[in-house]
Amino acid sequence: MKTIKTEVAVIGAGTAGMTAYRAATAGGRKALLIEGGPYGTTCARVGCMPSKLLIAAAEAAHAAAAAPAFGIHPGPVRIDGKAVMARVRSERDRFVGFVVEAVDGYPAADKIRGHARFVGAHTLQVDDHTLIEAERFVIATGSTAIVPEEWAAAGPRVISSDAVFYWDELPESVAIAGTGIIGLELGQALHRLGVRVTVFARAESIAQLSDPEVLAVARRAMSDELDVRYNAKVADVALDGEQLVVTSRRLDGEQRSERFSYLLSAVGRRPNVHELGLEHTGLKRDHHGIPLYDKYTMQCQDSPIFIAGDADNERPQLPEAADQGRIAGDNAARYPDVKPGLRRTPLTIAFTEPQIATAGASHRELCASHKGRFAIGQVSFENQGRSRVMLQNKGTLRVYAEFRSGRFLGAEMIGPRAEHVGHLLSWAAQAGLSVAAMLDMPFYHPVVEEGVRTALRDLAHQLANEPKHDDPCVDCTPAP
């Protein structure tokens with residue numbers, strides 16, 4: 001077994017790890033990048049990019065089906081599942097190729113292949129071939145989709161979202177467990193591509209929403225198109241020939257067994273920290289096994305170990321992974337003189353239709369930090385001009401601001417063009433704008449953003465009429 005000495009060892013070559021490696025080397029340090037799996041990042045290989053390719057195909061099919069409402073009558077729509085998946089895989093491989101090309105550009109001596117684990121506070125062992133002695137470390141090991149063992153026992157037809165993007169053909173039917181972003185995006189896309197889809201939700205949650213009024217609208221909007229079973233869990237899965245028998249159980253005890261080609265587990269992702277030998281680092285860890293860290297420096301306690309990306313279980317999104325990786329790499333390079341890095345205003349988007357977005361502080365967060373001290377404005381998109389023109393007039397937007405200061409705090413919404421509206425609102429929150437300053441901004445006509453102005457006007461009215469005893473926080477916890 002050979003021994004290599006370096007200044008910075010980065011464990012994981014995904015988005016966070018690659019960014020950390022580049023930041024550490026830009027800081028003048030000798031760095032190693034260690035990866036035990038394929039290069040290509042979760043986003044490019046099995047995440048945001050291939051999912052949007054599948055969604056784009058679904059949108060094309062849906063547009064054809066919706067055309068008669070505009071007086072346009074195309075011929076019969078035929079969905080070629082093999083062609084759909086061929087394009088998804090081909091374009092996915094192109095995106096992965098860009099990432100692999102970037103890694104190929106790193107010096108060969110800086111790349112170590114294999115699974116790394118700590119065997120001491122300053123030493124890693126990579127498989128059975130290399131010991132790495134380093135002064136500083138960045139943990140960027142990503143996460144893995146959770147598939148409960150009792151479901152997985154039914155065989156290979158129980159899958160995570162990763163497997164979808166390796167299909168050669170669209171299946172006849174899919175059961176999906178989970179109404180988070182992944183479950184909803186894939187569920188709606190597959191449904192629009194002709195797959196029979198049922199989505200099971202243990203409670204009544206939808207994506208990342210916490211505002212009870214937005215949640216209620218979102219539940220109706222999703223149920224208008226999808227077969228979503230709220231307050232129902234997957235109780236049993238059994239293989240029967242070429243299909244699965246999925247038994248679901250409602251809160252009231254009612255059970256139902258149905259047959260599907262696949263069961264897709266979309267119940268979350270688990271940080272890959274449990275086989276890193278963290279017990280040899282002396283770090284304190286939380287109940288998930290993740291080292292305690294500072295979210296602004298990414299430093300694990302006062303150690304020379306930093307953490308970034310999905311491994312820290314904070315915000316599993318590519319922009320966050322890149323930001324965290326940059327901060328971790330910068331501070332690994334300058335350790336012990338660590339400094340806070342830029343943590344941007346939270347922005348999360350689900351590419352369903354209607355789209356779902358949260359920007360800045362969520363309703364749940366404000367109920368904890370600003371209880372009784374924030375106002376709410378809202379607008380419905382049902383009669384909003386541009387939304388009706390496009391026949392996309394579903395959804396609602398709720399915006400939040402601080403009493404007295406008038407500072408804009410955040411928003412939750414489901415509605416048309418939410419990916420763009422979410423950006424505008426997150427920028428306003430990060431800039432610390434007041435509601436009055438936002439209303440001074442230009443609004444064109446006719447655009448969906450006019451709905452934002454309506455919501456802000458309502459919010460300004462609420463701010464100007466602060467009640468003596470105001471508490472906008474109703475119970476918005478998930479059902480048991």
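This note describes one pocket and one sheet of a predicted model.

1. The pocket considered here is the second largest in the predicted model, and its volume is about 690 Å³. Its lining is made up of 27 residues, and those closest to the centre of the pocket are H62, R192, E353, L391 and Q392. A reader new to the structure may find these five names a convenient place to begin.

2. Two helices deserve mention in connection with this lining. Both α3, spanning 48-66, and α8, spanning 212-225, contribute at least two residues each to the second largest pocket. The largest share belongs to α3, which provides seven residues of the lining.

3. As to chemical character, the lining of the second largest pocket is mixed. Twelve of its residues are nonpolar, nine are charged and six are polar.

4. The sheet considered here is open and consists of three strands in the order β12-β13-β14, paired in antiparallel fashion. Its edge strands are β12, covering 232-240, and β14, covering 255-260, and each of these pairs on one side only. From one strand to the next, the twist averages 25 degrees.

5. Within this sheet, the pairing of β13 with β14 can be followed in further detail. Strand β13 comprises residues 243-250 and runs antiparallel to β14, to which six bridges join it. Which residue of β14 stands opposite V246? That residue is E258.

Technical notes: Residues numbered from 1 in each chain as written. Predicted model: local features only at pLDDT ≥ 70, side-chain atom pairs only at ≥ 80, totals over all residues. Heavy atoms only, no water. 1 Å grid on protein atoms, 1.4 Å probe; cavity = no way out; pocket = protein on both sides within 12 Å on 5 of 7 lines; lining within 4 Å. Points joined across faces, edges and corners; volume = space filled by probe spheres on them. Helix = DSSP H or I, 4+ residues; strand = E, 2+ residues; numbered from the N terminus. Nonpolar A, V, L, I, M, F, W, Y, C, P; charged D, E, K, R; others polar. Pairing = 2+ DSSP bridges. Axes fitted to C-alpha atoms, helices over the stretch in contact; angles between N-to-C directions.
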